[in-house]
Amino acid sequence: MGKLLLKLLRDLKEFKGQFISITLVIAVGAFFFAGFSTFSKNLSEYSSKYYEDSNLTDLWVYFDSISPEDINIFRQIDEIKNIEGRYVLDVNQKFDEVTTTLKLHSIPENNKINKIQIIGGGRPTNFQSIVIDTDYAKEHNFSIGDEIEISTPFNDILLKISGFGESSEYTIKSRDTSDFPPNHKEYGIAYVSESTMAYITGNNNYNEVLIDVDDPTDAELVESKIIETSEQTNFLYTLKRDLNLSYKQFTGEIKQQEELAKILPLIFFLVAAVITFLTVSRLVDSQRTQIGIMKALGNNNLKIISHYLGYAMITGLVGGIIGSVLGSIFLPEIFMDQVRAIVSLPGFRINIYYENIVLASLFSVFFGVISSYLSCKKILKESASSGMRAKPPKEVRSTSLEKNTKLWEKLSYGNKLILRNILLNKKRAIYSSLGIVCCVSLLILSFGYLDSRELLIDKQYNEVHQYDLKVVYNTPIEDRNNLGIPINSLYYNTLAETNVVITNIDEVVDSNLIITSKENNFINNYDYNGTLLPLDNQGVIIAERFAKNYNLSKGDTLSLKLIGSEYKGRTIDVKISNISVQYINQEIFATPELLTKLGVNFPPSTLLIKAQDSMDIDNIYNTFNTMNNVKEVKSIDEVQKITESGLQNLFNMIVVLIICAVVLSSAAIYNISIINITERIRELATLKVLGYHRNKINKLIFIENILITIFGIVVGIPTGIVLYISIIKRFTLDNMVFPIILSLDSILFPIIITISVTILCTLSLRRTVKNINMIESLKSIE
Amino acid sequence: MNKNLIRFESVAKEYTLGEIPIKALVDVNFNIDEGEFVVIVGTSGAGKSTILNILGGMDTATSGKVVVEDKDITKFNEKELTNYRGEKVGFVFQFYNLIPNLTALENVEFSVEVSKNHLNPRDILERVGLIDRINNFPSQLSGGEQQRVAIARAIAKNPQLLLCDEPTGALDYNTGKSVLKLLEDINKETQKTIVLITHNLAIAPMADKVIKVKSGTIESITINKTKKSIEEIDW
């Protein structure tokens, strides 16, 4: 075996270009495989530990108000391990340029459920001290010891920052589904002691109860028992852990990563396997006589086959280890930029899992070994003597194309040569174009993704939302003429927003109900064809994704439980009159008339404003921002910027994908061309001897590669479109829908890139052609 | 006396194989006239192929002059050499070297693309006796037939010079003989200069001139006053 190993190493050296390119493709496959698995494993391990350590609650129970004594009735339920009450309310903080919202929680001294993780400073144990989340603190440059003034519906109060913290309850700090990606500047999470909260609200009561059950599978049972027990109290509704907004979004994202981790690496491994197959086939073919000799010398098949599998093992191991190590280190980093923009994960560090590296390397070797086994098993069946004889010439027939004599006659001999070469080696031509097909598909996916992202932003902020500013008042607007709206410089519409819980579908889901008049054309609903869907007084409009998730269609009835103490847990039944595409967030739209008919009244508290002259937006913003009764002013440009930056990081991912696609297609084209040249070296040398100029020979190879490339592109475009659509559909976040759209550019760029790669590869082969020794043609067939 | 076509003047060729310099040709001198049938004989490794490679413009001499039609081809650049091979020289190889993906006719037609002054491919194939097989691919032809196509391909370009490297090396006795007969006839009919390499001294009497090569040098140059037809030679 020692000498065979030596031969193996010398062969590797001789065909180094080919083996390097195979190693490269394998490395890319292993890169994605190890990168994706490491990333998703990191996230899921981190998150389960985070949720466990912080003891994320199993059940949230909402009340209008409940006294600490009253929550004791729940302690009778056997399955409950811990129970904790708290008061939660939104408070505001005014800055010169913006009014922000903090979700303020009371937190007991002996905090056991939803434990907050203190990042700096200390817990808010002192009276009038506050802990705020790290992102909000960073946005506003707060440091420990700073005093902040907040205004609550009850009073204004000065609080001292005792520390910064994070909670597993708010890994994604969105106010509601419409606030995505989270805007850390305008929305934060904060905690105060129970005594501070009592000072704010004026009593010790809670409005939320957190339930920690012994066995999480009992959550449902506990939920029904609680609903039973709470009859007498002013109970509102309950929410299970998997319906919690941030939990749902975060775990959903982890699942998507796991999906991608399955698809992408497979593509690369398959291409690597095909290229390995072709290269080892070629090697085995060219060493046919050597194999015959080895057999004649008494080597058994096992020894010979393990020798040729050695090539795949070496390339697989080298590529697999390099790729998976790089992938484990860099890919999660690239993804984490994207994740960190949305999710707060205190103390998250990327671990490298050696088992992923081992697994990726095993996969790489496996694909290579299988393909090289396939490529040499045929030759082993031959007897030693026939192996030593030259291979019988390949049967050459007239190709089907020649039946169309007119067209055939017109072709030059060079072109005839190319076409026959392709048509007679159909299998190889198809294999070679596989690399191109994958390259084009990945490029279409990448560019399509960029298109989707752009269209999402364009649709959301130019078609769906057509206002410039959103002004939210502290209290419902009684008389709009008294508000001091600078009526001459703007147009406005009013709306009311409220939280509702939908109770008549598979799960209890909370949603946002937006009540606005039919005439409000600042928020528009469209269907997939782009037709405007007007509101009517007969029913509500819901989001298409929502409808799909819960199997709802036009005409179905939804039961909406109104959250808000004034409605006393009332439920209204509404019909679905339309279903609209909602790119960001999922809301329910209704008219005031519809609700009045049902006997509920929602006075508007929000203005949507469009400036008559867009130059005035800043002035109008300032006018409203300084008004006392205004809770917050949101500029749509600001919201758009946050959405854009939230999606910006996807860009890194796309760049990685594009680079890998290019590596893939270059390796494929380079390798196939080299094989093509070495296989026909006598033919090409003869052409040289016959007086063919090098350019003409280069042209032959070039045209052949271009034809293969074009074939690959023709197949790759529909494949790419299918890949793009299926990935975009899988990649849809809970509150973000990527519109499926492919611009002409997204088809053209992949074509241009692929053809350029082919041209560059072919140019790089000119030297190989130049180095073909003419005397080669005089030698006998090996 | 015919006009001089080729002159080798003190031609030397050195290779370096790794670090070892190998002298393939040392001070080779000879003349070939137009219309001559020349046989170069020698054992393997003697240097006869090197002479043919240099003469065919496939390889270059290390020193000395190779004059063809009053032009020194050792001074040619790559493009000129390619044109020289395309226009002036026809090659016949030991292993035919036909393009497997082209039919007999197409192989001939393909090769005349690079020559301005070429002959009609169909006529030539008729001349070599293959008019019935012109639409067959090389793999459908016997060795002798393939070599005939190769000869047709070489002469269809209407070259000055036909270079044949062991053209019968891969053929059986009778087929080989008929191929040599074809070359002899072509030489007679068209007055084309033919240089044929062989290790088979027996066929030397069919040549006008016999150049014997040994260890990179010319051992002897013999002019056959009366040459024999190939049909009279046996070996």
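Select chain B and colour it by secondary structure: six helices and 10 strands appear, where helices (H or I, at least four residues) and strands (E, at least two) are DSSP runs numbered from the N terminus. This is a predicted model, in which local features need pLDDT of at least 70, side-chain atom pairs count only at pLDDT 80 or more, and totals for chains, interfaces and linings use all residues. Residues are numbered from 1 along each chain as its sequence is written, chains are lettered from A and ligands numbered from 1 in the order in which they are written, and side-chain values use heavy atoms, without hydrogens and water.

Keep chain B selected and show its C-alpha trace, which fills a box of roughly 50 × 40 × 40 Å along the principal axes. Next, shade chain B by burial: 56% of its 235 residues are buried, meaning under 20% relative accessible area with a 1.4 Å probe and protein chains only. Then display the Lys, Arg, Asp and Glu side chains, Lys and Arg counting as positive and Asp and Glu as negative, with His and the chain ends not counted. Chain B carries 28 positive and 32 negative side chains, and the centres of the two sets are 3 Å apart, each charge being placed at NZ of Lys, CZ of Arg, CG of Asp or CD of Glu.

Now move to chain A, which holds 22 helices and 20 strands. Its C-alpha atoms occupy a box of roughly 105 × 55 × 50 Å along the principal axes. Of the 782 residues in chain A, 57% are buried. Finally, select the charged side chains of chain A: 76 are positive and 84 negative, with the centres of the two sets 20 Å apart.

Definitions and conventions
Buried < 20%, exposed > 50% of the residue type's maximum accessible area, 1.4 Å probe, protein only.
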